[in-house]
Structures are given as C-alpha cells and as structure tokens.
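The following exercises are to be worked through with the sequence and the structure at hand. Each task is followed by a solution in steps.

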Amino acid sequence: MFNFSLSTIIKSADTFKEFTEETELNEQDLILTNEFIYEPFIRPCDINCQVIFQEKYGNGEPSDEMIDAIRKDIPKNIKRIIAVGGGTVIDIAKVLTFVGDWSTEDIFMGRVVPEKARGLIVIPTTCGTGSEVTNVTICELKNMETKKGLALNSMYADTAVLIPEMVHTLPYKFFATSSIDALIHAVESFVSPKAIAHSEAYSEKAMRLIVNGFQYVREHGADAWTDKANDFLIASNLAGIAFGYAGCAAVHALSYPLGGTYHIPHGEANQLMFAAVLKKYKEKQPIGKINSLEKILADILGVPQENALESLYELMEVILKRKDLKEYGVKEEELITFTDSVIEGQQRLLKNNYVYLTREEIIEIYKSCY
C-alpha cells in the first residue's frame with residue numbers, strides 16, 4: 001500500500017511581474033531573496049513587501065548560524081514567506097515558517113518538532129534543487145562540521161511558482177551544478193527501493209529532459225543551455241516530486257561531509273560521488289532495477305544498454321568537469337572519518353540505497369574518488 005500525493009500547488013508564470021499581478025502581496029509578506037535577483041526582477045514591480053537579502057547573513061549554503069540570525073530579524077507581523085532563489089534561499093525559507101524559542105540546531109537534531117506558523121510560496125531561480133516541492137531542507141551544522149537533512153511534512157511549500165524568466169540569467173557554473181543535482185535526484189529516486197510507478201514516471205521524464213538538454217549543450221556550446229531553460233526548470237520540479245516520494249540515497253549521503261567540511265557546492269559534491277556509487281551498485285547487484293535505468297538512458301543517448309552508464313558519465317563531464325577529492329584539499333585519512341559520519345548521521349538517505357553498502361564499501365567509494 002502506498003500514499004502518493006502532491007502537497008504543493010504548482011503554478012507557472014512567464015514573468016515575476018505576472019506573478020505579482022495574480023498574487024496579492026502586502027506588508028505581512030516577507031520576500032527572502034538575493035540582491036542580484038531583487039534588482040532586475042522584483043524591485044521594478046514596486047510591491048509593498050518586507051524584503052531580506054540572504055547574503056547579508058553569510059555566503060554559501062544554509063547553516064544554522066545563518067538561519068538563526070535571519071530569524072532574529074524577521075518582523076513580528078509576518079504571515080507568509082515568499083522564497084525567491086536557489087536551494088539556499090528555499091531551504092532557509094522552510095525553517096522560517098516556524099516560530100518558537102529554539103535554535104536551528106535543535107530542529108535538525110530532533111530536539112524539537114515545531115509547527116508551521118507562516119505560509120510559504122517558493123519561486124526557484126535555479127534548475128536543480130526541486131526543493132520547491134519537497135518537505136526536505138538541508139543545513140550545515142557548524143559545530144558538527146557536517147550537513148544534515150530534515151524531512152517534515154510541515155515544510156512543504158503551499159505554492160510553487162515556475163517562472164522561466166528567473167533562470168535565464170543564471171551563470172553557467174550554477175546551471176551546471178544545479179542541473180546535475182536534478183539529474184542525480186531523478187536517478188537516485190528511480191533506483192530507490194521506495195520507488196513506485198508514479199514516482200518512476202516523474203524520474204524518467206526528468207532524466208529525459210535533462211539528458212536531452214545536456215546533449216544539446218554538448219552540440220551547441222555552453223551558452224546554449226538557456227535555449228532549454230524551461231525544460232531544465234520543469235525537469236528539476238519533476239525530479240523534486242520523484243525524490244520527495246522515493247528519496248535520495250548514497251550519492252547525497254556521501255556528498256554531505258564534503259560540503260560541510262570543504263564547502264564544495266552541493267551539486268558539484270554530488271557529481272564527485274555519483275559515478276563511484278553507481279559503479280559499486282552495479283558491481284554488487286548487476287541484475288535488477290539498475291538495468292531499467294540503463295535501458296532508459298540507452299534510449300535517450302542512442303547507445304547500447306551496456307554502455308549507457310559510461311556514456312552518461314562522459315556527458316556529465318562535458319557539462320561539469322569532475323575533479324579528484326585531493327584537488328579540494330581533502331586528506332586521505334579523512335575518508336574514514338567521513339564514512340563514519342555518514343553511517344551515523346545519514347541513515348535517512350542510506351535506507352534508500354539500491355543495495356546495502358557496508359562501511360568498507362563506503363570507504364572504497366571515497367578512495368576511488370580520491
């Protein structure tokens with residue numbers, strides 16, 4: 001028995017101005033965004049809202065220190081949060097819907113389970129997180145030097161609005177890391193033991209849109225990705241729905257210490273682990289759901305099924321060149337520490353693995369990427 005549902009209303013608009021014309025915003029609404037997004041898209045609309053710029057509280061991906069500082073500055077009268085941004089802004093906004101006398105670390109460590117007290121509208125400006133339709137948020141816990149994910153049904157956005165205009169100005173590097181992240185969402189959710197026909201359909205469509213888009217970029221050059229911006233935006237959303245049900249797994253789990261310790265961007269860290277994890281899956285269980293994945297990829301890429309995964313890895317290298325872990329300054333002796341932190345802190349993800357991975361096998365994966 002399963003319960004597949006969409007908890008978030010999904011809308012679209014051609015421009016941010018169109019969104020504001022159809023949505024009544026007022027002084028009890030708070031827009032959380034970045035100044036580089038606000039100036040070209042939001043300021044010209046002259047709306048009567050409170051605004052907070054996320055980057056004023058720190059750079060990089062969400063941390064508990066960043067979220068706690070923003071919470072202190074939210075006016076008391078705010079009834080709704082409008083998140084306009086990438087994964088950092090969206091993940092922070094989910095926590096901002098809660099009120100109470102607690103720290104962000106308290107939430108992520110399970111010491112409190114707060115209730116949603118504010119509405120949430122999400123407008124993604126990257127083509128990767130899918131966070132606008134999930135109940136998951138990721139945060140770096142500074143004192144623990146790792147990232148941790150949290151899944152609470154109260155963190156679903158009330159409404160997600162897809163606006164192609166918002167992703168066209170994305171720098172190539174952010175397109176690359178975010179779209180690769182979306183592809184990995186689709187793949188991990190597809191081979192997850194929790195996948196069902198409904199989630200698989202979203203996973204497959206997302207893979208087709210993204211891989212076709214990557215092939216287009218390979219043929220026409222890096223700047224050509226904007227020709228497919230709407231496809232990538234939709235694919236990210238579809239992949240978000242898929243992994244919101246079936247979950248992500250070892251790729252994400254193993255990437256978190258890299259982001260937490262070395263601040264490697266999320267999508268980039270995921271790519272570092274992706275091929276190594278799937279190769280271990282294939283080695284341990286060559287016959288199974290992974291063959292269905294290979295069949296889909298072979299059809300998209302126009303290659304024999306036995307070459308599908310390697311062809312995908314090569315295509316991803318065109319979009320974003322993968323580096324060895326040591327190039328980021330990672331020390332080989334840290335790989336065991338990373339492994340133990342993953343096993344201790346990422347069971348939420350590891351339970352979604354295609355096959356069970358032992359401690360020794362996780363160490364092997366890290367070493368193969370070193």
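**Exercise 1.** State how many helices and strands the chain of this predicted model has.

*Solution.* The chain contains 15 helices and 8 strands.

**Exercise 2.** Decide whether the radius of gyration of the chain agrees or disagrees with that of a compact globule.

*Solution.* Step 1: for 370 residues, a compact globule would have a radius of gyration near 21 Å. Step 2: the value for the chain is 20 Å, which agrees with this expectation. Step 3: along the principal axes, the C-alpha atoms fill a box of roughly 55 × 45 × 45 Å.

**Exercise 3.** Describe burial, contacts and surface for the chain as a whole.

*Solution.* Step 1: of the 370 residues, 58% are buried. Step 2: consider the contacts between residues at least 6 apart in sequence; 75% of these join residues at least 24 apart. Step 3: the chain exposes about 15500 Å², and carbon and sulfur atoms supply 48% of this area.

**Exercise 4.** Determine how far apart the mean positions of the positive and negative charges are.

*Solution.* Step 1: the chain has 37 positive and 52 negative charges. Step 2: the mean positions of these two groups are 3 Å apart.

**Exercise 5.** Establish whether strand β6 is enclosed or open, and describe how β6 pairs with strand β7.

*Solution.* Step 1: β6 covers residues 136-141, and 6 of its 6 residues are buried, so the strand is largely enclosed by the rest of the structure. Step 2: V136, I138 and E140 point one way from β6, while T137, C139 and L141 point the other way; all of them are buried. Step 3: β6 is joined by 6 bridges to β7 (residues 146-151), and the two strands run antiparallel. Step 4: as one of the paired positions, I138 has G149 in β7 as its bridge partner. Step 5: the hairpin of β6 and β7 has 4 residues between the strands, and E145 takes a positive phi near 55° there.

**Exercise 6.** Classify E188 as buried or exposed, and describe its surroundings.

*Solution.* Step 1: E188 belongs to helix α6, residues 172-191. Step 2: a residue counts as buried under 20% relative accessible area; E188 has 2% relative accessibility and is therefore buried. Step 3: neighbours within four places in sequence are left aside; E188 is then in contact with G247, C248, A249, A250, V251 and H252. Step 4: Y354 lies 166 residues from E188 along the chain, yet their C-alpha atoms are separated by 8.2 Å.

Conventions
Residues are numbered from 1 along each chain as its sequence is written. This is a predicted model: local features need pLDDT of at least 70, side-chain atom pairs count only at pLDDT 80 or more; totals for chains, interfaces and linings use all residues. Side-chain values use heavy atoms; hydrogens and water are left out. The radius of gyration is taken over C-alpha atoms; the globule rule is 2.2 Å times the number of residues to the power 0.38. Buried means under 20% relative accessible area, exposed over 50%, partly exposed in between (1.4 Å probe, protein chains only). Contact means heavy atoms within 4.5 Å. Accessible areas come from the Shrake-Rupley method with a 1.4 Å probe; for residues, only the protein chains shown count as cover. Lys and Arg count as positive and Asp and Glu as negative; His and the chain ends are not counted. The place of a charge is taken as NZ of Lys, CZ of Arg, CG of Asp or CD of Glu. Two strands pair if DSSP finds at least two bridges between them.
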